[in-house]
Amino acid sequence: MWLQRLTGRLSKHDIQALAHELSGDKAGIEEVLGIVFRQEDAHTAMNAAWTLSWLSKPDKITYLSCHHHALIDFAMRDDIKCRRGLILAILLDMPDAEEPRTDFLDYCLNEFANEQQHDSCRSSMIKMAARMCAPYQELREELRQRLEILPPGLPPSISCAKRKALSTSCRRKRNKNR
């Protein structure tokens, strides 16, 4: 049912309406997630990911948390056919695991400097890295060093994510010294 509804050109309003309709429907959400993961048709996979990104935060937590690791694995794939930023946006709305996945942390730390990635992906990777590094002084320091070597003149979304990550890291350091 959802495959047919997600095929073709959809407007933002169409996607929002589908996300609203999908709200609270565990089977429907899992079907749409399967469309994203299978990637049979790039445009349909994109529409499916876009729809999932518009789900409410409680819906994402309730119905997608059990797929957290699968979403991370998918976000790191080289052959992803939908916008990686949509998958990262879903992950940003979900609670962090008890321990950060080192492969995902390494991926975010390496790829936010990669100019081949979309700006939205890079800023999301900075946010993800900052969240994963937050509880660990050594990792916060590594993140700070990597952020400081980014070249000047960054696009606004990356510059803002960088500034927030650095200020959060500095705030944590000052609070620990008190």
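Colleague: Which residue forms a salt bridge with Arg144, and how far apart are the closest N and O atoms?

Modeller: Keep in mind that this is a predicted model. Arg144 sits in helix α10 (residues 137–148), three residues from its partner, so about one helical turn separates the two. That partner counts as partly exposed because its relative accessibility is 21%. Arg144 pairs with Glu141, and the closest N and O atoms are apart by 2.2 Å.

Colleague: Where do Arg146 and Glu142 lie?

Modeller: These two form a salt bridge as well, with the closest N and O atoms 3.1 Å apart. Arg146 is partly exposed because its relative accessible area is 27%, and Glu142 counts as partly exposed at 28%. They are four residues apart, about one turn, and both lie in helix α10.

Colleague: Which residues are joined into one network by salt bridges that share partners?

Modeller: The structure holds nine salt bridges. Where partners are shared, one network results, and its members are Asp73, Arg101 and Asp103.

Colleague: Is Asp79, the salt-bridge partner of Arg77, buried or partly exposed?

Modeller: The side chains of Arg77 and Asp79 meet at 2.8 Å, N to O. Arg77 has 30% relative accessibility, so Arg77 counts as partly exposed. For Asp79 the value is 44%, and buried would need under 20%. So Asp79 counts as partly exposed.

Colleague: What is the distance between the end C-alpha atoms of helix α3?

Modeller: Helix α3 (residues 26–38) has 13 residues. At 1.5 Å a residue they should span 18 Å, and the model agrees, with the end C-alpha atoms apart by 18 Å.

Colleague: Which helices are included in what covers the buried residues of α3?

Modeller: The buried residues of α3 are Gly28, Ile29, Val32, Leu33, Gly34, Ile35 and Val36. Just after α3, Gln39 takes a positive phi of about 55°. As for the cover over the buried residues, it includes α1 (2–5), α2, α4 (42–53), α5 (57–64), α6 (68–75) and α7 (84–92).

Colleague: Which residues form the aromatic pair, and how are the rings arranged?

Modeller: The count comes to one aromatic pair. Phe37 and Phe74 form that pair, with 5.3 Å centre to centre and 55° between the planes. Stacked would need planes under 30 degrees apart and edge-to-face over 60, so the arrangement of Phe37 and Phe74 is tilted.

Colleague: Is Phe74 buried or exposed?

Modeller: The pair links distant parts of the chain, with Phe37 in helix α3 and Phe74 in helix α6, 37 residues apart. Phe37 counts as partly exposed because its relative accessibility is 23%. Phe74 has a relative accessible area of 2%, so Phe74 is buried.

Colleague: Which residues does Phe104 touch, leaving out those up to four places away in sequence?

Modeller: The largest nonpolar core has 53 residues, and Phe104 is among those that touch the most other members, along with Leu52, Ile87 and Leu91. Helix α9 (residues 119–133) gives this core its largest share, eight residues. With sequence neighbours left out, Phe104 touches Ile72, Met76, Leu88, Leu91, Met128 and Met132.

Colleague: Where is confidence lowest?

Modeller: The mean pLDDT of the protein is 91, and 94% of the residues reach 70 or more. Confidence is highest in helix α2 (residues 12–22), at a mean of 97. At a mean of 76, it is lowest in helix α11 (residues 156–177).

Notes
Residues numbered from 1 in each chain as written. Predicted model: local features only at pLDDT ≥ 70, side-chain atom pairs only at ≥ 80, totals over all residues. Heavy atoms only, no water. Core = buried A, V, L, I, M, F, W, Y, C linked by side-chain atoms within 4.5 Å. Buried < 20%, exposed > 50% of the residue type's maximum accessible area, 1.4 Å probe, protein only. Contact = heavy atoms within 4.5 Å. pLDDT = per-residue confidence, 0-100. Expected span 1.5 Å × (residues − 1). Salt bridge = Lys/Arg side-chain N within 4 Å of Asp/Glu carboxyl O. Phe/Tyr/Trp six-rings, centres within 6.5 Å; stacked < 30°, edge-to-face > 60°.
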